[in-house]
Amino acid sequence: MPARTVIITAALEAGLSIGVACGLATYVVTFFFPHVTGVAVAAIVAACVTFTVVLHPSVRAWASGLTALPGWLRSSIEEFARVRYHIALIWFAIHVGGCVLQMGAFWLTLASIGLQPFDLDLRIGAVIAASYLSGLAVPFAPAGIGAREVFSTGLLGFWMPLADALEVTILYRFVTMSAELLTGFGGLAVWTRLRPDTAPEQPATESSLAPVAVGSPQDG
Amino acid sequence: MCGAIAVPMARQTISAVIWIGMVGTVGHRLRILPGLAVYFLCGLGRYAPGKVAHVLGRVVLLGP
């Protein structure tokens, strides 16, 4: 598969994650100004609407026609413009669903040590999203280590003693890291097993790792 | 705690499926199992400094 395709899909994925996180992180403002909750919710809704508009084919087609953009970026947007609108919206919706799952994981982490300062609501999402974005903003920090912890400890410090906030933060890092290590090594095991040169007993059609070009004869 | 670990794993699986879908819609189709394996394996790249190691991992594993 061309590196360009991998990079474009990674950029799409990152764009969706960052966009959803930015929308959710706006709720952080309610930590400091509790009376503006309505405004924060409105900002999240506005972010969702913006995303829905940005993903619209006509907007993507317009962006790909902007001559001021560098050629590589224009052609990347053209490639993205081929994605159907409802597919792009489904990606967006699933990313939002993923955020809800992440909130659930954080809430379970809190519950596991007997701390439930708030119900499963947007404040948890705001803590996670804001700390995720802070981790992204720090260059060369592996998986945002350090930055995320400082940010989420600081935010959680509004509800609980700092020692508890630190404990939850470290536990949550352990939870996410464990999940990534488990899936990562699981992926390594599957990859090693599927590699054609290490699994000669498997039929080539089942074990081939080469991507199948759309429209190729292999599609049947 | 196990439940808390299982939830991000489920989230990653969902993200992996989205990524496989993205790759498919921009012109290449990955089979589900190798696709999941590449996504999960390269997820470890996030723990390398520089933030893009997971993308480089995908380039290397899926390269021509």
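**Figure 1. Helices α6(A) and α7(A) are roughly perpendicular to each other, because their axes cross at an angle that falls in the 65 to 115 degree class.** In this predicted model, the axes of α6 (residues 85-112) and α7 (residues 122-137) of chain A come within 9 Å and cross at roughly 100°. Axes are lines fitted to C-alpha atoms, for helices over the stretch in contact, with angles from 0 to 180 degrees between N-to-C directions. Helices are DSSP runs of H or I, at least four residues; strands are runs of E, at least two; both are numbered from the N terminus. α6(A) contributes A:Cys99, A:Gln102, A:Met103, A:Phe106 and A:Trp107. α7(A) contributes A:Ile124, A:Gly125 and A:Ile128. Residues touch when their C-beta atoms, placed from the backbone, lie within 7 Å. By class, the contact has six nonpolar, two polar and no charged residues. Nonpolar means Ala, Val, Leu, Ile, Met, Phe, Trp, Tyr, Cys and Pro; charged means Asp, Glu, Lys and Arg; the others, Gly among them, are polar.

**Figure 2. The largest nonpolar core holds 62 residues.** Such a core is a set of buried Ala, Val, Leu, Ile, Met, Phe, Trp, Tyr and Cys residues joined through C-beta atoms within 7 Å. Buried means 20 or more other C-beta atoms within 10 Å of a residue's own, with C-beta atoms placed from the backbone. A:Leu24, A:Ala25, A:Tyr27, A:Ala126, A:Ala129 and A:Ala130 touch the most other members. Helix α1 (residues 2-25) of chain B supplies the largest share, 10 residues. Leaving out residues up to four places away in sequence, A:Tyr27 touches A:Ala40, A:Ile44, A:Leu122, A:Arg123, A:Gly125 and A:Ala126.

**Figure 3. Chain B meets chain A through 42 residues of chain B and 46 residues of chain A.** On the chain B side, α1, β1 (28-29), α2 (32-43) and α3 (53-62) each give two or more residues. α1(B) gives the most, 16 residues. This side divides into 29 nonpolar, nine polar and four charged residues.

**Figure 4. Confidence drops below 50 over residues 202-208 of chain A.** pLDDT is the predictor's confidence in each residue, from 0 to 100. Its mean over chain A is 77, and 86% of the residues reach 70 or more. Stretch 202-208 has six contacts beyond near neighbours in sequence. Residues 210-220 of chain A also stay under 50, with 12 contacts beyond four places in sequence.

**Notes.** Residues are numbered from 1 along each chain as its sequence is written, and chains are lettered from A and ligands numbered from 1 in the order written. Local features need pLDDT of at least 70 and side-chain atom pairs 80 or more, while totals for chains, interfaces and linings use all residues.

Key
A residue is buried if 20 or more other C-beta atoms lie within 10 Å of its own, exposed if 12 or fewer, and partly exposed in between; C-beta atoms are placed from the backbone. Two residues are in contact if their C-beta atoms, placed from the backbone, lie within 7 Å. Angles under 35 degrees count as roughly parallel, over 145 as roughly antiparallel, 65 to 115 as roughly perpendicular and the rest as oblique.
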